Amino acid sequence: MLILTSEACRDPRALLAVEAAGPWPGPVLFAALPGHGLRRSALREVEADAVVLDCLEAPPSPGALLCEVAARLPWLFADDDEPLILAAAPLRGDALREMRARGEARPDLVAPQWSPERRLLTLLLGEAVAGHPLAADALALLGARRPDDAALVEVLAAALGGRLDG
Amino acid sequence: MADAPLAADPSPHRDAARLLDELWAELAAPALRGEGRPDFRFDPEVYALAHPDLPRDPDALRRHWHRPGQGGERPANRYARARARLPALDAVLAPLITEPRLAGALALGLPGAGELAFELIALGAPVDAAVSHFSHEHYLRFHPDVARAGADPLQHWLSRGRLEGRATLAGLRERHHRGAQAFDPLRPTVLLATHELSRTGAPVVALDLAREAARSMNVVVAALKDGTLLEAFRETSCELLVSPAPEDEVRFIRSEAWDAISLGLINSVEAYGLARLLVARDVPFAVYVHEYPAYSFPLHKTVSVALFPDLLVFSSEQVRDTWRPRLADVEFDVGRDSAVLPQRSAAFRAADPEACRAARGRLSRVLGRDLADARLICGAGTWQWRKGCDLFASAAGIARGLAPDAVFVWIGDGLNREDPHFGVWMGVQLDRAGANRPDGHLFTLPAGPLYPDLLLAADAMFLSSRLDPLPNVAFDALEAGARVVAFEGATGFADPAYAEGGHVVTVEYANPAAAAQALLAVPRKLAPGRTVASAPPPAGPPVFDRIAGLLRARVEERRFHVLFAPGDGRSLLFGDSKADRPLRRREAERVGRLRRRMGWRDEADAREALEESGNWVHAACRIVAPPPDAPEPFPFGLHWHAHYLDDLAADLARPLVAQARRLVLTTDTAGKAEAIRQAAAGLGLHPEVLVVPNRGRDVLPFLDLFAPGGPGGEEAVWAHLHQKRSLGSAAHGDRWRRFLLDALLGPAGGPPSGAARLAQAEGTGLVAAFDLHFVPWYASRALLPQVAAKLPGPLPDNPLLFPVGNMFWARTPVVLAMRELWGEDHPWPNEPIASDGTEFHLIERLWPAVTAAQGLLAVFLSDPSLRGAR
């Protein structure tokens, strides 16, 4: 699963065109945060390539967004055994492809990148962690307790048998 | 008061005391969570209140209580205080207790049992509801006056509530039934909602759906009202709740099945209240619509049905067509989010002549009229205008003149000859028609065992309903080999699919003569040598499975979701309390992801909708910020219609009012006119006060100012305002009216509004407040053909923006154009008028169109500083 916020890219179609040789394996979600600047008609066009999450208010953190997705759209997790990538900051070049390769090579990986304020910039969950049968439930339950991103990542790794790297 | 110290008890009392202590330790634990209160007989907080001189330390207080001679007569727990006021406290508590051991202790009269019961309940959630029918939270939720007064719920119930018959959990638990089916956690769980459990059309359909659903799912049934089908529903479900407010009550039910609901099906518009529960839990759901919007009131019922479900399923194409205007009001995507699935498949079975003759024989004996060779026409249903029983009787009279052997028989209940709205008049018509005379042509039967005989015996059924979506009686008639004659546009049986077999015939709407002719043309069942082929129903999966399949697919295919809604906007389903905010969020997110329209998100949202519309009216609409400069004084007229005088003096004190060159107030009585003059004089104002007929709300009094010779034409720009309240509750209506007045005139004691400056601008014809309320045509849509041809282009499918509340600034040519649109001689309706769908409601929506037709702009002032007023 790939979750891109509008802080990672203004329009996911362009990014995906660069990053993916073909369609991205697994669900692609685009979280349009307040101020994303895309018109409704543009968001409709994005739907061809991504599930659009129109966030009327900014999520408390990228981690909270991930938890909300798990709580509200759990079926997206059900049949997905790909690595999970959450990107909430601009990405360099072929960063997505690299992250995906890492997540495939190290299935138990939980690899966050942090802002100076310890907010998630990106999060990579290896395919065993992302595909864990309890991943969606765990995220939804954790989200209800409103942890900060750092606590979320730590507990998530522990709960789903992940190896924290970062 | 507490029992004597334990040390003094004889042995049996000691055993009882130990039992009660053990119960306390076990049952109180969830509330105490390890806090030290080992003895229910002693509550350190209460004891401290009774002994303010002692230190607060609980252990010290307890030692003081134990010390001989020091505990005294002062209360050591809440029970002691309550019992001092109510000596029969134990007896009052006994029926409330549900915990079996505690109830047993009370029944045996164990000393201290009542005290233990009281102290456990007094602990509050979750102990109270676990041991008794009393829940503090439930009591406060269902008796908000107690909550507002800050009273202790338990004390309130003991002292007043029980005497007033106030609801406790006992009532809820009586209405919450365990079903005959075991809950299987491995199966999905569906909530099936029906408005009642009566043996009538929609609940019978709901029961069929429940039975189908139970083959693959856990079924939880919610009904707003009880009825005779309760046992049948219980048989097919895991749980059944009968509740007028299920969303509020369900939280007090401990149930695995309720918690597991993952799909919802609301059967019938009348059960729309259950949508609240499903929206709150974010459960995907469908509504199965069996009703026409024409008779589904109040308005918010049909609006809710259009706004919230993931899927709308109609029983016929014809019913769906009647919903299209309402669906367009909320921008519902009919192609994506609706489907047509009849509740039954129509099967025409050729009549068995022997069975037909036998049935006629039985009916002949009951009616006292030989029906062997009659041309027999039946009708069925409750006696009411909607069913067209009067048209049935009229058709019977007409048919008799054409075919003397024609006999009409209506079977159904509900004819009350003392009912002045229907029964009286229907009774008179039946009497004049000679109904039920042995030599007559018109008979009535009560609903009951003769129903199958009547269908077997009848050559045809006359479905005389004025509106009847897809009545089961017509399916029954077809299955009994009786053809059906119905009115065009009155029923789903008018769908082409039913006409194809030739077993359903439609005639001109509400024309009994046409119906009589069609009925007499129907081939007789017992015609010599007649052979008729049966038409079996098409095979297919059960209706429930088809609905569930469509619903699941709809949810999983969705590519657009709305998250993190602020929850501070307008809500149709939930209250405006802070506690309901998460629920309002769910509501807004649901409407957003379905891309339906309940309100504007912000100005940008409205601007984008205007731009995407492409309609000529919207091309002339602008949303603007307040101009930075205060308006220069300029000549204008100000009209204020004051049907109500509340707050008028305060409103007239707004600064722009005094600047009006011409100030005209209208009202409907001389007394009010005098009061207005006095109020205005107190402000140094001397308006013209005109007494006008109470007709046309605020609209006609304003338009009439512009009649030839009236004051309207003497000013180029007018402000139009009024005192009427029409939206929502009185409190909300007041808040909203203040918002409009602040936007158009400026706040009381503040600077004049920028709206006046905008109104002066060249090219501007109308200035109104931009309002986050989104109000569509609603019932006014039906009136559009009256005026559409007089406008330069087609009117938009949705008005999007107009001066909601009918307060605005307008240039005189715009007002004159509105007058001209309707003409000098328009027959305006008198009061009382409906709350929607009159010419006056349409005029409110037409101001931008009339402005655009004049080549002028309709400007909507968006002032963020006023947002809080909405």
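The following paragraphs lead through a predicted model, from an enclosed strand to charged residues inside and on the surface.

A useful place to begin is strand S17 of chain B, which comprises residues 637-641. Five of its five residues are buried, so the strand is largely enclosed by the rest of the structure. To follow the arrangement of its side chains, one general point is helpful. In a regular strand, the side chains alternate between the two faces of the sheet. In S17(B), Gly637(B), His639(B) and His641(B) belong to one side, while Leu638(B) and Trp640(B) belong to the other. Both faces are covered, since these residues are all buried.

The neighbours of this strand can also be named. S17(B) pairs in the parallel sense with strand S18 of chain B (residues 662-667), over five bridges. It pairs in the parallel sense with strand S20 of chain B (residues 717-722) as well, again over five bridges. His639(B) illustrates both pairings: it stands opposite Val664(B) in S18(B), and its bridge partner in S20(B) is His720(B).

Attention now turns to charged side chains. Over all chains, a search of the whole structure finds 74 salt bridges. One of them links Arg593(B) to Asp282(B), with the closest N and O atoms 3.0 Å apart. Arg593(B) lies in helix H30 (residues 581-593) of chain B, and Asp282(B) in the loop between helix H18 (275-280) and strand S6 (285-289) of that chain, so the pair ties together parts that are 311 residues apart in sequence. Buried means under 20% relative accessible area. Arg593(B), at 9%, therefore counts as buried, and Asp282(B) is buried with a value of 18%.

A second salt bridge joins Arg324(B) and Glu317(B), whose closest N and O atoms are 3.7 Å apart. Here Arg324(B) is partly exposed at 35% relative accessibility, and Glu317(B) is partly exposed at 28%. In a further salt bridge, between Asp651(B) and Arg654(B), the closest N and O atoms are 3.7 Å apart. Asp651(B) is buried, at 5% relative accessibility, and Arg654(B) is buried at 4%. Elsewhere, salt bridges that share partners join Arg40(A), Glu331(B), Arg597(B), Asp605(B), Glu608(B) and Glu612(B) into one network.

Finally, the surface itself carries charge. Asp79(A), Asp81(A), Glu556(B) and Glu557(B) form a negative surface patch. Within this patch, Asp79(A) is exposed, with a relative accessible area of 76%. Asp79(A) is located in the loop between helix H4 (75-78) and strand S4 (84-87) of chain A.

Technical notes: Residues are numbered from 1 along each chain as its sequence is written. Chains are lettered from A and ligands numbered from 1 in the order in which they are written. This is a predicted model: local features need pLDDT of at least 70, side-chain atom pairs count only at pLDDT 80 or more; totals for chains, interfaces and linings use all residues. Side-chain values use heavy atoms; hydrogens and water are left out. A salt bridge is a side-chain nitrogen of Lys or Arg within 4 Å of a carboxyl oxygen of Asp or Glu. Helices (H or I, at least four residues) and strands (E, at least two) are DSSP runs, numbered from the N terminus. Buried means under 20% relative accessible area, exposed over 50%, partly exposed in between (1.4 Å probe, protein chains only). Patches are made of residues with over 30% relative accessible area and no salt bridge: like charges are joined within 9 Å, nonpolar side chains (Val, Leu, Ile, Met, Phe, Trp, Tyr) within 5 Å. Accessible areas come from the Shrake-Rupley method with a 1.4 Å probe; for residues, only the protein chains shown count as cover. Lys and Arg count as positive and Asp and Glu as negative; His and the chain ends are not counted. The place of a charge is taken as NZ of Lys, CZ of Arg, CG of Asp or CD of Glu. Two strands pair if DSSP finds at least two bridges between them.
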